[in-house]
Amino acid sequence: MNYTNNLKLQVSEKQPESVLPSSTGRVEAERQRRPEDDEGVMRIPIILRAVTTSWIVVFANGAVGFCLTPYVLHHLGDEAFGLWVLVVTVAGYYGVFDFGICSAVLRYAALKRALGEKDGISEVVATAFYFYVCGCLVVIVLSFGLAPWLPRLFPIRPDLIAPFRSLFLLAGVSQGLIFPLLVFQGALQAAARFDQVYMLRIASLGLRVAGVIAVLAAGGGLFGVGAAIILPNLWFYAAHVPLAFRAIPTMSVHPKWMRKSVFREMLQYGWVSFTIGIGQQFRSSIYPLMIARFLTPVAVTLFSLPTKLLAVPMDGIGTMTEVVNPLSSELAAHHDFATLRKLIQLSAQSAFLILAPLAAFLFIFGKELLSLWAGPQYVVAYPLLVLLTLGLGTASTQCCVQSMLFGVARHKELIWYRLAEGLSIAVIGSIALRTWGLQGLAIVTAATLLLTSLVFIPRHLCRILGLSLRAYLGEGCLKPCILTLPFAGTLLATRAFLTVDTWLDLIVALLIGGLIYVLTLSILIFHGSLPRWLSLGVLDVVGDRFAWVRRTKRQATLENVPAEEA
């Protein structure tokens with residue numbers, strides 16, 4: 001069910017040749033770019049508004065997931081909880097019927113809107129909508145066909161077979177109905193109304209919490225809890241319809257706007273997004289199938305707990321980079337490579353400023369967190385937590401790289417990287433799983449993601465932008481990690497003097513470290529001059545938004561200086 005969401009940042013491979021010149025013509029394009037071409041590009045207020053509202057969603061989603069997961073786990077039991085994860089995974093593979101069309105809506109609707117082509121927006125939206133209607137029917141029929149025999153593939157307790165089958169059927173029907181609604185979400189994002197998308201997500205989270213609590217209070221089981229989560233998600237996508245028409249009043253899904261040429265063009269580039277999506281699906285969602293097949297659903301639960309802890313910051317980082325796609329398209333259309341280089345550096349820095357302290361906290365207090373959150377019996381998942389933080393966490397910070405590659409329509413090479421990534425985890429991971437258990441799978445996953453996320457894919461983008469990979473890794477990845485060292489040192493010192501046995505102890509340790517981290521960033525933001533190795537572009541942007549603080553500080557300093565000295 002998450003497959004189409006993973007593709008929503010992707011855009012077409014094929015663009016007008018004038019949108020992005022080759023690397024040999026980049027210098028000439030930058031020289032000829034007029035100053036007035038910069039108007040409306042790299043719109044900092046829109047970026048900050050989108051990022052702010054996205055993090056409201058992240059914190060809300062984190063609070064819901066963090067509180068509900070152990071509650072649901074202890075009510076359903078290890079095996080039923082693992083089956084729920086398995087249902088979500090299997091239903092998510094229906095996303096292959098997207099064929100990359102979802103990404104095209106965002107890409108081309110944003111482009112047509114920027115160019116003022118109102119009819120072009122309707123052609124893109126209507127063509128995609130009726131394609132998805134056909135996909136909806138296929139998914140629903142396929143769900144009814146798969147539901148009877150799917151439980152035979154996994155070792156499931158007899159009393160859980162019926163709710164497992166019914167829940168899979170509900171998930172499949174819901175996924176099918178979501179397909180046509182994806183068009184309206186893409187249109188709303190193309191209109192840069194990410195804030196409305198995020199607020200709808202918060203409302204759906206509220207419905208989910210109320211539904212799950214009501215079901216468990218009434219004694220509901222696997223099917224009831226699953227339905228309480230699936231149905232609010234369906235409402236979330238349906239609520240985009242009126243908002244999309246309000247954001248783009250001239251948009252229409254009337255059949256008269258369907259164009260064979262538009263559909264053929266979508267299919268031409270769709271195979272790229274389709275292939276990349278398969279690789280992403282192997283990377284992120286293959287583990288429940290592998291573990292349930294070779295081990296048990298209980299082992300699925302054990303492996304899923306670290307991924308659920310990491311899901312919140314990973315979703316937040318990925319959500320932050322949603323604005324990179326349409327902005328990259330606009331910047332590429334204006335041949336503004338200088339700002340593209342700046343944008344990718346700022347995006348990577350923002351992601352690592354979040355991941356680095358999170359990783360330090362999980363490495364130092366991960367055992368205590370698992371014990372207090374899920375129960376002492378789940379502390380054995382700590383090695384998995386460390387390995388998956390390195391792999392999945394680092395991969396999430398590089399979502400901005402993939403988004404920009406799609407935004408500038410130079411993403412074809414991603415096919416081989418994502419396929420190799422997915423096949424490595426699926427094939428080598430299966431061997432490691434059967435030989436060394438869950439830790440073997442986690443090691444293969446972490447090693448594969450680190451290699452592709454920090455070397456191969458960023459190197460491809462750096463070549464396009466004329467940016468050194470060493471400079472990108474140093475500025476975008478290493479510097480934010482260095483700024484986390486005071487935070488990590490504070491946590492280690494706190495651990496030496498404080499025994500963490502309760503939530504209060506853990507919160508106190510986190511607050512002490514967090515205070516040091518905030519002070520570190522504040523000094524860097526508001527300090528007038530810093531050594532180059534300490535300066536960070538994203539902190540300079542934040543400092544510019546609070547420039548009045550610096551001016552007030554300088555004014556107060558001057559007022560205290562005697563007149564003759566001044």
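How many helices and how many strands does the chain have? In this predicted model, the chain has 24 helices and 0 strands. Of the 566 residues in the chain, 54% are buried. Among contacts with a separation of 6 or more, 85% are accounted for by residues 24 or more positions apart.

Helix H5, formed by residues 101–115, was examined for its length and its surroundings. At 1.5 Å a residue, its 15 residues should span 21 Å, and the end C-alpha atoms are 21 Å apart, which agrees with that expectation. Because 11 of the 15 residues of H5 are buried, the helix is largely enclosed by the rest of the structure. The buried residues of H5 are Ile101, Cys102, Ser103, Ala104, Val105, Leu106, Arg107, Tyr108, Ala109, Ala110 and Leu111, a list that includes the charged residue Arg107. After H5 comes Gly116, and the phi of this glycine is positive, near 75 degrees.

Aromatic rings were considered next. A search of the whole structure finds 13 aromatic pairs. In one of them, the rings of Phe131 and Phe263 have their centres 5.8 Å apart and their planes at 45 degrees, so the pair is tilted, an angle of under 30 degrees being required for stacked and one of over 60 for edge-to-face. This pair links distant parts of the chain, since Phe131 belongs to helix H6 (residues 118–146) and Phe263 to helix H11 (residues 260–285), with their positions 132 residues apart in the numbering. The two partners fall into separate accessibility classes: Phe131 is buried, with a relative accessible area of 16%, whereas Phe263, at 29% relative accessibility, counts as partly exposed. Elsewhere among the ring pairs, Phe129, Tyr130, Phe184 and Phe245 are linked into a cluster.

Helix H11, which holds Phe263, also contains Ser284. The relative accessible area of Ser284 is 31%, and this residue is therefore partly exposed. The C-alpha atom of Ser284 is separated by 8.5 Å from that of Leu392, although the two residues are 108 residues apart along the chain. In the loop between helix H10 (240–247) and H11 lies Pro249, which is exposed, with a relative accessible area of 64%. For Pro249 and Lys118, which are 131 residues apart along the chain, the separation of the C-alpha atoms is 9.6 Å.

The interior of the model was then searched for enclosed space, and the structure holds 2 cavities of 30 Å³ or more. The largest cavity has a volume of about 50 Å³, and its lining is made up of Arg283, Ala395, Gln398, Arg418, Thr452, Ser453, Ile457 and Pro458. These residues divide into 3 nonpolar, 3 polar and 2 charged, and helix H19 (residues 438–465) supplies the largest share of the lining, 4 residues. The second largest cavity holds about 40 Å³ of space and is lined by Ile344, Val401, Pro458, Leu461, Cys462, Leu465, Leu467 and Tyr472. H19 again gives the most to the lining, with 4 residues, but by class this second lining has 8 nonpolar, no polar and no charged residues. Pro458 appears in the linings of both cavities.

Two further buried residues illustrate contacts made across the sequence. Ser328 lies in helix H14 (residues 324–333) and, at 0% relative accessibility, counts as buried, the cut-off for that class being under 20%. When its neighbours within four places in sequence are left aside, Ser328 is in contact with Leu340, Leu343, Met404, Gly407 and Val408. Thr484, by contrast, is placed in the loop between helix H20 (469–482) and helix H21 (485–497), yet this loop residue is also buried, with a relative accessible area of 4%. Beyond its neighbours within four places in sequence, Thr484 is in contact with Ala356, Pro357 and Tyr517.

Technical notes: Residues numbered from 1 in each chain as written. Predicted model: local features only at pLDDT ≥ 70, side-chain atom pairs only at ≥ 80, totals over all residues. Heavy atoms only, no water. Helix = DSSP H or I, 4+ residues; strand = E, 2+ residues; numbered from the N terminus. Expected span 1.5 Å × (residues − 1). Buried < 20%, exposed > 50% of the residue type's maximum accessible area, 1.4 Å probe, protein only. 1 Å grid on protein atoms, 1.4 Å probe; cavity = no way out; pocket = protein on both sides within 12 Å on 5 of 7 lines; lining within 4 Å. Points joined across faces, edges and corners; volume = space filled by probe spheres on them. Contact = heavy atoms within 4.5 Å. Phe/Tyr/Trp six-rings, centres within 6.5 Å; stacked < 30°, edge-to-face > 60°.
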